[in-house]
Amino acid sequence: QLLQPFTMKRNNGHSEEEPASKFRRNEDPSKFLRVLIPSKAAGPIIGKGGETIKNLRAQFSVRLHIPDSRGPERVFYLEGERPNICGCLKELTEVFMDVLSARNADQRLLEGRKDEEGNDLDPAKLVDLRVLIHYTQVGSVIG
């Protein structure tokens, strides 16, 4: 009979290949989006009395959360089915164009960049969107 080595480590019902539940935030990370936004952009997204965010949650069946932050930026969490996430983002396009306009971004990022027709990019028509990507998905983005 073989003796199993004694270890102090508990597996809490999970195999060693599978992370503990607190690390498995979402089984499908493709249905979860995190965007870094300036703190001043949170107000227009939340809306007066939270009306805008409540309407977006109801209309698109998404979980939407923007926690308070004392820093200059906040994380905008959006979770749901992919078409619902896209619909919610599309609904927020006007707000994003106003508060996340690339004209407020570092203009060195746009130097020498051209559109499809060879014209200089117009910062007023671009959004500076900073998506936070889960480490398990980075390889897909890099390629």
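**Architecture and packing of the predicted chain**

From the N terminus on, the elements of the chain follow the order β-α-α-β-β-α-α-β-α, in what is a predicted model. The secondary structure thus described comprises five helices and four strands. Of the 143 residues in the chain, 23% are buried, and among contacts with a separation of 6 or more, 57% are accounted for by residues 24 or more positions apart.

The four strands form an open sheet in the order E2-E3-E1-E4, with antiparallel pairing. Its edges are occupied by strand E2 (63–65) and strand E4 (130–132), each of which pairs on one side only. Direction ignored, neighbouring strands of this sheet are turned against each other by 25 degrees on average. Within the sheet, E1 and E3 run antiparallel and are joined by seven bridges, and Ile37 is placed opposite Arg74 in E3. Helix H1 packs on the sheet, where H1 touches E1 and E3, and the direction of H1 makes about 120 degrees with that of E1. Helix H3, in turn, lies across E1, E2 and E3, running at about 135 degrees to E3.

Two helix pairs were examined in further detail. H1 and H2 pack at an angle of about 65 degrees, their axes being 5 Å apart. In this pair, Pro44, Ile45 and Ile46 in H1 meet Glu51, Thr52 and Ile53 in H2, and the residues of the contact divide into four nonpolar, one polar and one charged. For helix H2 (residues 51–60) and helix H3 (residues 82–91), the packing angle is about 145 degrees and the axes are 10 Å apart; H2 passes H3 in a right-handed crossing. The contact is made on the H2 side by Leu56, Gln59 and Phe60, and on the H3 side by Asn84, Gly87, Cys88 and Glu91. By residue class, this contact of H2 with H3 divides into three nonpolar, three polar and one charged.

The largest nonpolar core contains 21 residues, of which Ile37, Ile45, Leu64, Phe76, Leu78, Cys88 and Leu92 touch the most other members. Two or more residues of this core are given by each of strand E1 (32–38), helix H1 (39–46), H2, strand E3 (73–79), H3 and helix H4 (93–99). Several of the residues named above recur here: Ile37, which stands opposite Arg74 in E3, Ile45, which belongs to the H1 side of the contact with H2, and Cys88, which belongs to the H3 side of the contact with H2. When its neighbours within four places in sequence are left aside, Phe76 is in contact with Leu33, Arg34, Val35, Ile37, Ile45, Leu64, His65, Ile66, Leu89, Leu92 and Phe96. Included in that set are Ile37, Ile45, Leu64 and Leu92, which are likewise listed among the core residues that touch the most other members.

Outside the strands, Gly71 lies in the loop between E2 and E3. Gly71 counts as partly exposed because its relative accessibility is 31%, a value that falls between the limits of under 20% for buried and over 50% for exposed residues. The C-alpha atoms of Gly71 and Pro38 are separated by 8.9 Å, although these two residues are 33 residues apart along the chain.

Methods: Residues numbered from 1 in each chain as written. Predicted model: local features only at pLDDT ≥ 70, side-chain atom pairs only at ≥ 80, totals over all residues. Heavy atoms only, no water. Axes fitted to C-alpha atoms, helices over the stretch in contact; angles between N-to-C directions. Left-handed = near helix turned anticlockwise from the far one by under 90°. Contact = heavy atoms within 4.5 Å. Nonpolar A, V, L, I, M, F, W, Y, C, P; charged D, E, K, R; others polar. Core = buried A, V, L, I, M, F, W, Y, C linked by side-chain atoms within 4.5 Å. Buried < 20%, exposed > 50% of the residue type's maximum accessible area, 1.4 Å probe, protein only. Pairing = 2+ DSSP bridges.
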